[in-house]
Amino acid sequence: MNERPKRVFLERQNYRRRRLIDFIRMVPVFGAILWAVPLLWSTEEGRQVATSDAIVFIFFVWFALVGVGCVLARALRDGNDGSARTQD
Amino acid sequence: MGTLNILVSVCLIYVAFLFLVAFAAERAAMRGNGGWLRSPLVYTLSLSIYCTAWTFYGAVGYAARSGLEYLTIYIGPTLVMLGWWWILRKLVRIGRTQRVTSIADMISSRYGKSNLLAVGVTILAVIGTTPYIALQLQSVTVSFEVFSDAYDATMPSGGQESNALLVAAGLALFTIVFGTRNLDVNERHHGVVMAIAVEAVVKLFALLAVGVFVVWGIGGGVSDILQRIDTSKIGTWQIEGDRWATLIFLSAAAFLCLPRMFQVMVVENDNEDHLRTASWAFPAYLMVMSLFVVPIAVVGLDLLPAGSNPDFFVLTVPLATGNDTLAMLSFLGGFSSATSMVIVAALALSTMVSNHIVMPIWLNTSLGGATVSGDVRNVVLLSRRISIAAVVTLGYLYYRISGGGTALASIGLISFAGVAQFLPVLIGGIFWRGATRPGAFSGLTVGFVIWAYTLLLPSFGGGLISDSLVANGPFGIGWLRPQAFFGITGMDPLVHAVFWSILLNAMTFFAVSLIGFPSPVERLQGAQFVNVFDHSTTLQGWSGDMVQSEDLMIMAQRILGAREAQALFEREAKRQGVTGVLPEPSPEFLQVLERELSGSVGVATAHAMVEQIVGGTSVSVEDLMAVADETAQIMEHSSQLEAKSQELSRTARQLRQANEKLTQISEQKDAFLSQVSHELRTPMTSIRAFSEILRDTEKLSAAEQTKYSTIIHDEALRLTRLLDDLLDLSVLENGQVSLNVQTGKLEALLDHAVATALTGSGSDSLRVLRQRGEERIALRTDLDRLSQVFINLIGNAQKYCDAEHPELRIDVEMSDGRVVVDFIDNGSGISKEDQAVVFEKFARVGVQRASGAGLGLAICREIMTRLGGSVSYLPGQGGAAFRVSLPDDGKMVPQ
């Protein structure tokens, strides 16, 4: 890959960056869908989901979203964001 | 009471510490070494003012009552932050480029800098925020009470109100000191932001400490706590789907629209890149904040006697277990939550009130408007300070009037639903260029009326809106019952109110926007907002011909301060290349000035002030073009590009052709030179050789002498002829020939030509066949030159015709009104390859029988071109055939 002409390499980088932004855009959508799962849980007596299970699920989603968001945000800087001004 | 005294002193020390932090931050910023003040971390922590005392104390109470429903309040903002690329990035960019000072400023700026809209938004924001401030005051005073009497947390006592007053006064003081220190052109407050960042750390640490204490100190670790949760009364999932979804939406909307959130997120932001870090760091903060809420609630329910107020479990659980230090820390956490919210809310609201209500009124009432003497700066600062005091006082009064009861606790979501009414207008404004001011105004009005009718008024109980009205609807109209529109009962009141208010708000906004037509300024601003990433520079221009720069200087000095204003004017003057301090009042300068002023007094006010001096705005043709039709612009642009590229390729083609021609000409020239030298050398060689023989050979007979002399003479003649031909050709080619136009008859001309060409040869050498009947045509041309062509052609036939009995037929005919003379012999003709070059210089065909230099036909062609006619080879006539076409005007009427 590195042996390729520089222009092609840049094109590829640009392409990666676009896909990265696509991912960033989709993170809240995934989050909303996952957090909509409790809508499917029954509130009928006897068939209810245990609160501890609910806590584990919701916080697991939360943790995953924060982790993914962190990785993506850092990747965006490493991708040398042209529009945002990085400090360092 | 010893604990209470310690509490009071800790509290005072903490407040002093906050003052110190804010003061240090301001000083560092003033010295210019405040880079660390503006790190992504500080930005993220400053966002935590979202977590007020309502969430610090209230979340546990909420969890104790409704299980995991409290999480919705954090999940909404988490989704908004993770979706920063969609909305927040654009909001922040617009806020920075337009120098927006508040959410009211943002909305008014988008919809044509309308101050009426700004006033409306300001009033609604105040209505929505005041109960919230009251809630904070209540939480601080109640937590004091909890401390002073650990065994009776719910009973209000006499000291509560004075405590609330003290807290309110302290907060107002802090906000005034650090929020209105100076009129910052960027409307950024380093001291305040730093202080709330510190408070964010304190409240997170406090809640974590209590949580860790509860899980590992009281409980037996994670699994034990999870077991306790499942066995408690909130051990099962009981949340209705409608509330879950609605509350997530509501908190997300409020996160974007709350004036205080807008203040820290957009106005105080000074680096867009901080948003990137906050996009994941703030959700992480929220996650940690909500992590220990359920364990604290469950342990509190277990530990404390039934009937204890679960809202203060964070405080009462450590107290009940005798852990006073932890309780103190917890109190400081709650105190931090409350104070940071009140400070920022008061700051944001006071900016709005001062910029959109006080300043316009002051500008209108003071005679002479913006140009009267007196320091506007002081007026602005004073109005800010009064506004801050008024906002906090309003909160305090609300707290006093409402009695600080449980009614306040439910006000959080009602307040959220109120500010969420800004959402359609805000989002529509930054994504839809068709959104108009009437649409925004009517949408907001409809949304707020429905919100007040369905949620706010019923929340006060029987006071403002009667129970019968709630039950039966106004005038008995069941369809208009506040909590059951269209007669559909059974919906959760909050869900009902949020759904209908936001839906009808958005629909009205949309419909009215569709039918209206926005003003030019509004359309420009719309384009600026929606396409902020395409062009972040231009604003609509001022027509500044009649403006006096001095007036502007006076005004700017009074708002920005003398030193800053002079620096600005000098900088602009230098940029314009004008000597002195006062720049020309060009539209660009007025734009810059308006933007600087708007940082201090808001967009609408700055616009109005400049307008007072300038007299009016101008929307230039270019601006209108920018708005009118972007698609047309793009199409025009691309067609321009296409035309340009076509033009370029055309030029390139022309250049290539020219180059080819030049190369060809150069080659021709080289070939011509070599041919000329060759042609010259052959006779010269003969002449030299025979003249040497004549000179050196002594015994030459007379016959030999004559023979050699004749050869020399012939060769000399040939040379002369060649040179004559060359000269002739050169003259013709250069167009230097002067034509001697005469009138004559074709017949006579041909007679002359035949006679001349055949002179000196036997009459049987070439038989010429003519049609004298056709030849009686009068000509008007250069007869000598034409005859030269004829002689050449006849001579060629005589020389090159290889038939046994050479014949030349001369046909004359009128074709298309032109006279055409064909010379056709009965020889073998000219081969196809030679036909192509027969008219070229030095082109000789077949065996070199004759002494021609190969210039004859070239000369013929040049002559005919000069005469306006042509000579060409006529293939397929049996022998060599040449056609001479005479020019149109060359012939006259046949006689």
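In chain A, the end C-alpha atoms of residues 20-42 lie 37 Å apart, and this span is 70% helix and 0% strand. Helices (H or I, at least four residues) and strands (E, at least two) are DSSP runs, numbered from the N terminus. The structure is a predicted model, in which local features need pLDDT of at least 70 and side-chain atom pairs count only at pLDDT 80 or more, while totals for chains, interfaces and linings use all residues. Residues are numbered from 1 along each chain as its sequence is written, chains are lettered from A and ligands numbered from 1 in the order in which they are written, and side-chain values use heavy atoms, with hydrogens and water left out.

**Annotated spans**

An unreviewed UniProt entry lists residues 20-42 and 54-76 of chain A as "transmembrane region". For chain B, an unreviewed UniProt entry gives residues 638-675 as "coiled-coil region". UniProt positions are given in the numbering used here, feature names are shortened, and annotations may be inferred rather than shown by experiment. The table sets out the modelled geometry of these spans.

| Span | Helix | Strand | Distance between end C-alpha atoms |
|---|---|---|---|
| Chain A, residues 20-42 | 70% | 0% | 37 Å |
| Chain A, residues 54-76 | 100% | 0% | 33 Å |
| Chain B, residues 638-675 | 100% | 0% | 54 Å |

**Helix packing in chain B**

Two packed helices are described by the angle between their axes and the distance between the axes. Axes are lines fitted to C-alpha atoms, for helices over the stretch in contact, and angles run from 0 to 180 degrees between N-to-C directions.

Helix 5 (residues 72-82) of chain B and helix 14 (residues 273-291) of chain B have axes that come within 8 Å and cross at roughly 165 degrees. Helix 5 of chain B is therefore roughly antiparallel to helix 14 of chain B; angles under 35 degrees count as roughly parallel, over 145 as roughly antiparallel, 65 to 115 as roughly perpendicular and the rest as oblique. Their crossing is left-handed, a term for the near helix being turned anticlockwise from the far one by less than a right angle, with right-handed for clockwise. Among the residues that meet (contact means heavy atoms within 4.5 Å) are B:Y74, B:P77 and B:M81 of helix 5 and B:F282, B:P283 and B:L286 of helix 14. By class, this contact has nine nonpolar, three polar and no charged residues. Ala, Val, Leu, Ile, Met, Phe, Trp, Tyr, Cys and Pro count as nonpolar, Asp, Glu, Lys and Arg as charged, and the others, Gly among them, as polar.

The axes of helix 20 (residues 422-431) and helix 23 (residues 493-515) of chain B also come within 8 Å, crossing at roughly 40 degrees. Helix 20 of chain B is therefore oblique to helix 23 of chain B, and the crossing is right-handed. B:P424, B:V425 and B:G428 of helix 20 make the contact with B:N505, B:A506 and B:F509 of helix 23.

**Confidence**

Chain A has a mean pLDDT of 78, with 76% of its residues at 70 or more; pLDDT is the predictor's confidence in each residue, from 0 to 100. For chain B the mean pLDDT is 80, and 85% of its residues reach 70 or more.
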